[in-house]
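Student: I've got a new model open and I'd like to learn how to read it. Can we go through it together?
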Amino acid sequence: MSATLVVAAVEDRAALAIESLSLSFGGVMALSGIDLTVAPGEIRAVIGPNGAGKSSLINVVSGLYRPDHGRVWLGGRSFAAVPTDRLAALGVARTFQNLALFKGLSVLDNVAVGLNHGFRAGVFAQIAGLPGARRERAAAQERAAAVLDFFHLTDMRDRLVGTLSYGVQKRVELARAVVARPRLLLLDEPMAGMTLTEKRELTGFIRAIRDELQATIVLIEHDIGVVMGLSDRVAVLDYGRLIGDGTPEAIRANQAVIDAYLGVAHDLEAGEGI
Amino acid sequence: MDLSFFTEVLVGGLLSGVMYSLVAIGFVLIYKTSGVLNFAQGSLLLFSALTFVSLIERGLPFWAGILITLAAMTAIGALIERVVLRPLVNQPPITLFMATLGVSYVIEGAAQLLWGTQVHGLDLGIDDRPLEISGVFVSTFDLFAAGVAGAMVAVLILFFRYTGIGLGFRAVADDPLAALSLGLRLDRIGTAVWTAAGMVALVAGLLWGARLGVQFSLSLVVLKALPVLVLGGFDSIAGAIVGGLIIGAVEKLAEVYIGPFFGGGIEGWIAYVAALGFLLVRPAGLFGQKLVERV
């Protein structure tokens with residue numbers, strides 16, 4: 001059975017399906033022929049050496065890059081290029097490798113921005129403070145406050161984000177991504193630059209997000225310990241190709257993955273004859 | 001030096017500075033969100049004053065005139081954003097500036113076609129009697145203008161603080177790239193900002209029109225706003241207010257105390273000298289964001 005058929009068979013149930021996806025920058029193939037299906041409620045890690053195409057994959061799914069070939073299925077609908085301005089409506093939220101926070105805004109405002117898409121009231125209704133717009137805003141405030149509480153950020157709600165430590169900023173970004181109750185959450189290196197304690201805390205948060213929101217989570221991560229402990233399945237990219245996809249145990253035993261990470265022992269093989 | 005005379009000049013200067021701030025705020029709104037120095041702000045101001053006056057002269061009541069003009073300004077602001085600036089997104093600032101320069105002539109031409117070229121008097125119903133407050137004479141009209149400006153700034157602050165669109169505006173102003181990668185609806189925010197700039201132009205246009213008479217040279221008040229922006233910073237509303245006050249005070253004080261040495265008439269250019277001197281010391285303005293680039 002071809003990969004396309006596999007995708008077609010599961011597209012209804014999958015939270016995210018990627019079908020023969022290719023993307024190149026100039027002559028460099030960032031992604032070539034990727035097929036990937038993520039089941040609802042799954043925590044899926046994407047790993048691979050630097051430059052393997054992990055961030056490109058997430059950028060395609062969140063609409064920042066337009067792929068050369070292939071399609072992305074989100075919630076039973078397929079896109080040649082995911083429309084960025086409809087991401088929130090599709091129930092997709094993400095965080096960025098290099099934080100995309102508003103440093104001059106308070107923690108609360110940064111999180112509340114994540115709800116901006118949901119506003120139905122028009123510009124004038126908001127300015128005039130019509131009852132519908134006011135109710136919407138009150139609900140948004142309440143929701144943002146609840147999420148701040150969940151991430152232990154309530155004490156810092158009025159601090160400017162630029163004044164906070166890197167680890168806390170990462171938590172603020174996660175809070176913003178979660179506030180609109182996404183069905184699919186894309187995390188680009190959520191643990192990068194964190195201390196061991198912060199990593200442990202964040203691992204707990206990610207599990208809790210999955211359990212409480214019944215969200216599907218796709219995360220790029222370099223810390224193999226975290227990946228193996230946290231994810232249900234692991235996809236491995238190398239030079240833009242998918243070289244492994246399976247449970248953490250299966251990936252640990254996958255020879256292609258070991259080769260990609262440690263390098264193939266050509267010298268030893270050559271030396272065997274001696 | 002006569003202290004009460006000094007105070008009178010100073011207060012007069014500060015109040016006329018409020019009028020400059022009104023114009024400058026229109027610039028700041030657009031510059032902050034889109035990085036465009038909107039040269040058409042002056043024409044918008046002229047167009048609003050001219051439209052209002054012409055409607056009144058055709059016998060419409062005051063409030064109908066305000067509402068129709070407001071609707072027109074909203075439409076024009078939204079239209080400029082949609083038709084001219086959105087297609088030019090990601091172009092260098094000078095291109096955008098030239099585009100707004102072109103727009104300003106289109107608007108002035110349209111105003112001429114619609115309403116003709118004669119000078120109109122605009123009476124807002126405030127008699128300009130000097131008011132004596134503890135020995136200092138203050139113009140009633142200037143006080144009224146300051147009150148209106150204060151109210152307008154308060155409305156803008158409420159808008160930015162307490163609406164979703166306002167939050168979006170602050171987000172875009174803080175970090176346009178982050179806003180873009182989040183997929184914030186930049187189009188909606190852009191339309192809202194241009195609408196707001198149109199409203200500010202209306203308020204400024206009415207006050208300036210009542211002060212100078214509604215004529216085509218009214219669009220040249222943009223040139224008065226430039227030193228204010230240099231002083232206060234192009235991206236700060238607080239800066240536009242403080243800058244306007246300082247420029248207004250400097251103009252009047254310089255005219256009275258330094259003017260005689262030059263044979264008078266320095267009010268017209270002293271603001272630019274002040275701005276030029278200030279540029280050398282603080283290029284980003286009093287409240288402007290410093291541009292620090294990593295190399």
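Tutor: Sure, and keep in mind that this is a predicted model. Start with how strands pair: E6(A), residues 92-94, runs parallel to E7(A), and three bridges join them. One pair to click on is Arg94(A) with its bridge partner Leu186(A) in E7(A).

Student: Which strand do five bridges join to E7(A)?

Tutor: That's E8(A), residues 216-220, again running parallel to E7(A). Look for Leu184(A), whose bridge partner in E8(A) is Thr216(A).

Student: Is E7(A) largely enclosed or not, and why?

Tutor: Burial tells you that; the cut-off is under 20% relative accessible area. Five of the five residues of E7(A), 184-188, are buried, so the strand is largely enclosed by the rest of the structure. Check each face: Leu184(A), Leu186(A) and Asp188(A) are buried on one side, Leu185(A) and Leu187(A) on the other.

Student: Now the two chains. How do I put a size on an interface?

Tutor: People often quote the accessible area lost when the parts come together. Here chains A and B bury about 2000 Å² between them, with 63% of it on carbon and sulfur atoms. In contacts, 24 residues of chain B touch 24 residues of chain A.

Student: What salt bridge does the rule find across that interface?

Tutor: There's one: the side chains of Arg170(B) and Asp109(A), 2.8 Å from N to O. You'll also find four residue pairs in polar contact between the chains, both residues at pLDDT 80 or more.

Student: Which element gives the largest share of chain B's side?

Tutor: H6(B), with seven residues. By class, that side of chain B has eleven nonpolar, seven polar and six charged residues.

Terms used
Residues numbered from 1 in each chain as written. Chains lettered and ligands numbered in written order. Predicted model: local features only at pLDDT ≥ 70, side-chain atom pairs only at ≥ 80, totals over all residues. Heavy atoms only, no water. Contact = heavy atoms within 4.5 Å. Buried area = accessible area lost by both parts, 1.4 Å probe. Salt bridge = Lys/Arg side-chain N within 4 Å of Asp/Glu carboxyl O. Polar contact = N/O pair within 3.5 Å; in protein donor to acceptor, adjacent residues only side chain to side chain. Helix = DSSP H or I, 4+ residues; strand = E, 2+ residues; numbered from the N terminus. Nonpolar A, V, L, I, M, F, W, Y, C, P; charged D, E, K, R; others polar. Buried < 20%, exposed > 50% of the residue type's maximum accessible area, 1.4 Å probe, protein only. Pairing = 2+ DSSP bridges.
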